[in-house]
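Here are my comments on the model you sent round. Please read them with the structure open.

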Amino acid sequence: MMARMWITDLRGRGQALFVILCLFKLSSVTGQARYSVPEEQAEGSFVGNIAKDLGLDVARLISGKARIITKGSRQYVDLNRDKGTLVIKERIDREELCGKTTPCSFSFEVILENPIQLYRVTVEVIDINDNSPSFPKDEISLKIVENAAAGTRFSLVTADDPDVGINDIQKYILKPSDHFKLEVQSQPDGGKFIEMVLQSTLDREKEETHTLVLIASDGGEPHRSGTVRIHITVLDANDNAPVCSQPVYKAEVKENSPEGTVVTTVSANDADKGVNGEVTYSIPYAAKEAKQLFEVNVKTGEIKVSGNLDFEKSKTYQLNVQANDHGGYSDTCKVIIQITDMNDNVPTIQLMSFSNSISEDSPPGTTIAVINVDDEDSGGNGVVKCSINSDMPFKIESSLTGYYTIVTEDFLDRESIPEYNITITVSDQGSPPLTSRKHINVKVSDVNDNPPKFDQSEYSKTVPENNSPGFSVFTLSASDADWGQNARVSYFLEEKEINGAAVSSLVSVNSESGVIHAVRSFDYEQIKWFEFNVTARDAGSPPLSSVATVRIIVQDKNDNPPQVLYPVQTGGSLVAEMVPRSADVGYLVTKVVAVDVDSGQNAWLSYKLQKATDRALFEVGLQNGEIRTIRQVTDKDAVKQRLTVIVEDNGQPSRSATVIVNVVVADSFPEVLSEFTDFTQDKEYNDNLTFYLVLALAVVSFLFITCLVVIISVKIYRWRQSRVMYHSNLPVIPYYPPRYSDTLGTGTLQHVYNYEVCRTTDSRKSDCKFGIAGSQNVLIMDPSSTGTMQRIQSEKSILDEPDSPLELMSFSNSISEDSPPGTTIAVINVDDEDSGGNGVVKCSINSDMPFKIESSLTGYYTIVTEDFLDRESIPEYNITITVSDQGSPPLTSRKHINVKLSDVNDNPPKFDQSEYSKTVPENNSPGFSVFTLSASDADWGQNARVSYFLEEKEINGAAVSSLVSVNSESGVIHAVRSFDYEQIKWFEFNVTARDAGSPPLSSVATVRIIVQDKNDNPPQVLYPVQTGVSLVAEMVPRSADVGYLVTKVVAVDVDSGQNAWLSYKLQKATDRALFEVGLQNGEIRTIRQVTDKDAVKQRLTVIVEDNGQPSRSATVIVNVAVADSFPEVLSEFTDFTQDKEYNDNLTFYLVLALAVVSFLFITCLVVIISVKIYRWRQSRVMYHSNLPVIPYYPPRYSDTLGTGTLQHVYNYEVCRTTDSRKSDCKFGIAGSQNVLIMDPSSTGTLQRIQSEKSILDEPDSPLEVCYLIHHSLHTTPRYC
């Protein structure tokens, strides 16, 4: 038991506030607390520290969503979860709350969730003296006969004070006290009975009236009092007073008795006769509540029920019934009424905690609700029984008195029953029993236990060939019986190769909608059908998937015309076939052979004779293409016969090809020659000469520009290479050494070439570095040494000792990063075969890690985690286990273990920014890559695999997926269609980045696409309207002054911004000195006085230009007539003709441009080839020379300060074959040492090893030369 006392100072005097907290442990870990607080405290006043008193952490109050549950409608105390304190929420009036009941207290429950904990708190309200005693009346009138004997008693009304205890009425004082004194008696119910006793007889003749003051005082601080005036009238003598039959009456009445029920009857007798003997009954002095519930019959003394009795409010009442005669005498009797309890209160159900959603994989015994049941009746009427409907997988259990818990009784399945309506029924044991019901709805939350299911396992769809890229083939649909995120299906294409190409290059699938699009146009002649798999995967954790096979059948279209294989068409052919004049009917002249690469009826060919010199002589077989004679050939038939055969396929629409067959009707070949000397070929003129000239000019220009770009690129690349290779300022001077003979005679050359290899003195890199491992001897050259070489021999260290006393019994080399402290990762056994102190061992690990070692059994140690782990900070640990004995000297053994942290999905993907904005020019091509979203995930592996999804929404009535798409793997956002600024200026959508962890985490970024206007619309002239038959548009009188408004050109541009700013200019005019056009408004006005000399017919050409880049324009022709009458206009305009502009020189300029560009292109090619031949000849001269070029560095470049990495120059002999065309030097990798690898087995021939990396990897090294050198070479130092 714990207790705490708070002391508060009230008006300078201490008042102790004692608080008792009682905590006790029940089956569901509950407790109780009790506090005391004075009434009338201000809102926010401190009541108690509930967190400290119940031993709870403030964080537990917050995480458990601690709250106060009250039974009534009013809540006097509030809980501050952040501080763990109870404060006054509403002013507490003890008299309103409890009346006269003491002690006064109210109770409430504090409930916490996850897990559910319930605490009962009782607050006792301490009374303060805030009410003064008050009497029912301000004045009391009494009539007393003058012969009343001394000692006669007169009952007086008692004062009422709502306060209790010391603050209640403590004493009564009667003033003055000449004739009367005051006697106060205590009643069993705690009330006071006041009687005024006559001390001396009254004399009406001396004093007819008396006025007294009755004062009631309480004992509180400050003292409060109330008064009532007593007016006494002295009557003439009436010497007998009424006498009650019995001083105390006792009665019982049921609490639900109706009004008018007789409780009991009191009676009194008066010995007097007549009027003085008539007795009347009244209840002059009773509590306010009693007077409202009971009434007495004035004449008969019957006491009846006049209000609603409630056993729960008060169990007993006491009435003081006064019997009076008409002479002023009275007597008082007590009536004690006991209220008997009836079953009149329906049990109440209060939901203390309720989870309206429960996971379908919740095990049996999972709590879904905690309820409180209360019945205000007593005894058997207050005993309740709680139950729920039995046809559900739930049961109800009693946890505390009045508290019940609803838990699951069986496993749940959301797909079978998604929700339950539970009816809680509470019945008491009264007669008749009363029942109360409460209905709660429990929804079963989904768990991803159902994979997506396709409508069918295989799909087949026919697609016509030559489809447009992006063509929507059809829509796959998979349904998932789960709900929400678990039922959100995404579609993915399984990669495979089809005819050597990835399936993703043929089709794509929208991950959200399942729409399959053709990525490219299909050609039936290349691929007739193909199959691929589509995976439908839900977004649950872990995700479930299913696969469907899709077969795309390419449908052939008639897109290929027939191809004639025979006869072969040649431009110079004069005679194709010869027919003798003796040929009979049906003579086979030739056969036209054609094929069509299409299939089916598209490849069915038919042959027809389109034209012929003599149609009556030849015919063509419709199906076989055979050309035969249809009559006897005669001498009259022309020698030269020309047949035009058309070959058509059976497609819709059909395609055709024509072939010309030249036939000669003759018996000998000389005759053919003599006849065909004037045979001329038909000449077809190309009406599109201009088009072909432009095409030829474009092709030649493109080749010429491409050639220039390639030449410039090669030059820049070689210049950059030379900058890297020859960055040093040291000159290379040719040096011709003496001839050195090959003494051993084993070399491939008769001469030895010497090269000096020098580096700049300020280099930070080593001269040579070799990294070849093997059985070779490695010589390491120290640049700071004077030329001595050291041999390094590799060694293999033995990390583990076979006789180590440390043995790893159990070891987990991978541990989850969310493992709590104390998780075991390894168990080791340590054994030392020595005895005594030599066998006592001590085991430890390195201390800079979140692990510790504990001794579990003798000789056994456990390595456990000491702190929380974070893989993102440190992904692995290398732990060294050290075991030392206590011998002299101590022996030590070590073992190294590596512990890797396995990843937990605790980091959601993070976008680089929460909002993106990208501008896309309008008229973009479908599939245009807008930009790439990127989200990073600090996790690893599957948890760091980020997928991107487009959140569906509508933009201007269209789905956002019809505007853009996002690649789920790369995050690339593509434009699905071409944007038009005039239709949509900008739109926003959300992209979700979700990792593949379990459960998956995600984040959302907002993307705003701003469509940039392009000047793609020319101005549109609204007025004047252009018609081909219009003669006169406007008429200007000859009296028009300067500035006369002729007309106004009105134009609009549907573009926006500066692209829609229009300007008007006068392009041409019959008389420019007569008219002008307003630049901004398009108004055509006169700029001088119109005269009689001005021509009647005036033609103005106005150009309207926008301000875009490039600008677009429109022209309008305005016909103006300078005349005063319309007939004059008509007579003058009858011969008005339209101007016609001809460009006669277009062909000439095109031919000239083509010739110039072709000449430049050919000249460039000739120059390039000449330079290449010249350099090749120069290289041949250089390579056939027997004299080497030796880099030589003059003495003035010596390193005098010794600040370089090399203080000496090393000379190496390099031997090569005489017919080598390769360079002598190979650049290698720089390092901290010069390493020369020597082949001990060689006898003098030098070997050269090529490095894997080029010198381009080292920007700070001007030159590095590395060689593999024979072991007999001499290294001669020379200063550079």
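The points below cover strands, salt bridges and surface patches in turn.

1. **Status of the model.** This is a predicted model. Please keep that in mind for every distance and accessibility quoted here.

2. **Strand β16 and its two faces.** β16 runs over residues 225-235. Which of its residues sit on the covered face? They are G226, V228, I230, I232 and V234. The uncovered face carries S225, T227, R229, H231, T233 and L235.

3. **The neighbours of β16.** β16 pairs with β10 (residues 139-145) in the parallel sense, over seven bridges. Within that pairing, E139 has R229 of β16 as its bridge partner. β16 also pairs with β15 (residues 209-218), this time in the antiparallel sense and over nine bridges. There, L212 stands opposite I230. β15 and β16 make a hairpin, with six residues between the two strands. Set this beside the two faces: R229, the partner of E139, belongs to the uncovered face. I230, opposite L212, belongs to the covered face.

4. **Salt bridges: the count and one example.** How many salt bridges does the structure hold? The number is 33. One of them joins the side chains of R74 and E90, at 2.5 Å from N to O. R74 is in the loop between β5 (67-69) and β6 (77-80), and E90 is in the loop between β7 (85-88) and α3 (94-98), so the bridge ties together parts that lie 16 residues apart in sequence. R74 is partly exposed, at 34% relative accessibility. E90 is partly exposed at 25%.

5. **A buried pair, D903 and R871.** The side chains of D903 and R871 also form a salt bridge, at 2.9 Å from N to O. The pair links distant parts of the chain, 32 residues apart. D903 sits in the loop between β64 (892-902) and β65 (910-911). R871 sits in the loop between β62 (860-865) and β63 (876-885). Are these residues buried or exposed? D903 counts as buried because its relative accessibility is 16%, under the 20% cut-off. R871 is buried too, with a relative accessible area of 11%.

6. **Two further salt-bridge entries.** E626 bridges to R628, and their closest N and O atoms are 3.0 Å apart. R628 is partly exposed, at 28% relative accessibility. Elsewhere, R153, K181, E183 and E195 are linked in a network of salt bridges.

7. **Positive patch.** K715, R718, K1172 and R1175 form a positive patch on the surface. Which elements give two or more residues to the patch? They are α6 (689-725) and α8 (1146-1183). R1175 is located in α8. With a relative accessibility of 40%, R1175 counts as partly exposed.

8. **Nonpolar patch.** F691, Y692, L695, V699, F702 and L703 make a nonpolar surface patch of about 600 Å². Y692 belongs to helix α6, a helix that also contributes to the positive patch. Y692 is partly exposed, at 41% relative accessibility.

9. **Negative patch and strand β59.** E807, D831, E833 and D834 gather in a surface patch of negative charge. D834 lies in the loop between β59 (824-830) and β60 (841-845). D834 counts as partly exposed, at 42% relative accessibility. By contrast, β59 is mostly covered, with five of its seven residues buried. β59 pairs with β62 in the antiparallel sense, over five bridges. I828 has Y861 in β62 as its bridge partner. The loop between β62 and β63 is where R871 of point 5 is found.

10. **L1100 in strand β83.** L1100 is part of β83 (residues 1097-1106). How accessible is L1100, and what is its class? L1100 is buried, with a relative accessible area of 0%. The C-alpha atoms of L1100 and A1069 are separated by 4.4 Å. Along the chain, these two residues are 31 residues apart.

Conventions: Residues are numbered from 1 along each chain as its sequence is written. This is a predicted model: local features need pLDDT of at least 70, side-chain atom pairs count only at pLDDT 80 or more; totals for chains, interfaces and linings use all residues. Side-chain values use heavy atoms; hydrogens and water are left out. Patches are made of residues with over 30% relative accessible area and no salt bridge: like charges are joined within 9 Å, nonpolar side chains (Val, Leu, Ile, Met, Phe, Trp, Tyr) within 5 Å. Accessible areas come from the Shrake-Rupley method with a 1.4 Å probe; for residues, only the protein chains shown count as cover. A salt bridge is a side-chain nitrogen of Lys or Arg within 4 Å of a carboxyl oxygen of Asp or Glu. Lys and Arg count as positive and Asp and Glu as negative; His and the chain ends are not counted. The place of a charge is taken as NZ of Lys, CZ of Arg, CG of Asp or CD of Glu. Helices (H or I, at least four residues) and strands (E, at least two) are DSSP runs, numbered from the N terminus. Buried means under 20% relative accessible area, exposed over 50%, partly exposed in between (1.4 Å probe, protein chains only). Two strands pair if DSSP finds at least two bridges between them.
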